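Visitor: I would like to know how the labels on this model are earned. Could you take me through them?

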Amino acid sequence: MTLHIQTPLYESRPMSASAGCQVWLKLDALQPCGSFKLRGVGHACEVHHGRGARHFVSSSGGNAGLAVAYAGRRLGVAVTVVVPETTTARAKELLTLEGAKVIVHGASWQEANELAQSLVGPGDAFIHPFDDPLLWAGHASLIDEVAQAGEKPDAVVLSVGGGGLLCGVIEGLRRNGWHDVPVIAVETHGAASFHAAVQAGQGVAIDRIDSIATSLGAKRVCEQAVKELAAHPIHSVLVSDQQALQACERFLDDHRVLVEPACGAALALASEPAALAGYGKVLMVVCGGATATLAQIRQWSAAVGA
Ligand SMILES: *Cc1c(COP(=O)(O)O)cnc(C)c1O
């Protein structure tokens, strides 16, 4: 049994037309809890459940927390999610709807995370949002599905927050013998922690996050993502919040699916033919995200003049 579902894979005609190459979509926005996170989180939760865990703890008010809540409900394991005061009403509502116990604590994620850590008792499992080999192994299933369909791309485009998706996709490429397929790692300017590591040639923390793509808001990427720079071809690309928002609106018009700006950042490359020049066929990971509403996206768009 797996908790995630196999998602659609098809070519986007409108995006191919604007990109000037074939753009294939892997639609993980259609996972039951709205993002690819369920692949890795679901896998980690199943492993911990198999080892007898009776309680899952998360400190993510975003899609990782939602995936833990979903996995816990499906597995019959109690879930506690500690979120900071800045968490939106929408996110808390989605967590509660999945049956998780939500504790609001602290002004920032650091404080919420400290309390969450203190709640992890013996036999409980803390589920990290991006830095855990169990997560990467689960995320890799996304590439397994593309390989099973026989659709080898010339490049994979994805967004980077803490780097869990990046590590998982590279693990998937590797285990399917696709070592030669480069990854185009997209962030917004205000959440460019992977880009900072690329420039420094080592893991570094950025001072602050200043982007509406909140799901990309890790100040430092996991060490494995930095290690992959030496092991796999990766190109780091930055887009503006405005480009990410425009891509969300376009994707809703073209494909009738609403995604977060965190996902829009990757999708924005379809409107930047220069970024995809030289590739015949590109796979876009439509990572999704459940925490943005259409009203919120319109409000942000108005604020940044998109
Ligand atoms: C978590 C998340 C990301 C970033 O994934 P990382 O594994 O943290 O790099 C991107 N988009 C969405 C919608 C997410 O939920």
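Visitor: How do the residues of the lining of the largest cavity divide by class?

Guide: Into six nonpolar, two polar and two charged residues. Ala, Val, Leu, Ile, Met, Phe, Trp, Tyr, Cys and Pro count as nonpolar, Asp, Glu, Lys and Arg as charged, and the others, Gly among them, as polar. The lining includes Phe 251, Ser 18 and Arg 250. This is a predicted model, where local features need pLDDT of at least 70, side-chain atom pairs count only at pLDDT 80 or more, and totals for chains, interfaces and linings use all residues. Residues are numbered from 1 along each chain as its sequence is written, and side-chain values use heavy atoms, with hydrogens and water left out.

Visitor: What makes a space a cavity?

Guide: On a 1 Å grid over the protein atoms alone, a 1.4 Å probe fits at a set of points but cannot get out; lining residues have an atom within 4 Å of a point. The structure has one cavity of 30 Å³ or more, and the largest holds about 70 Å³, a volume being the space filled by probe spheres set on the points, which are joined across faces, edges and corners.

Visitor: Why is the approach of Gly 161 to the ligand called a polar contact?

Guide: A polar contact is a pair of N or O atoms within 3.5 Å. A backbone N or O atom of Gly 161 lies 2.7 Å from a ligand oxygen atom, so the pair qualifies. For Gly 162 the distance is 2.8 Å, and for Gly 164 it is 3.0 Å.

Notes. On a 1 Å grid over the protein atoms alone, a cavity is a set of points where a 1.4 Å probe fits but cannot get out, and a pocket is an open set with protein on both sides within 12 Å along at least five of seven lines; lining residues have an atom within 4 Å of a point. A polar contact is a pair of N or O atoms within 3.5 Å; within protein, one must be able to donate a hydrogen and the other to accept it, and residues adjacent in sequence count only if both atoms are side-chain atoms.
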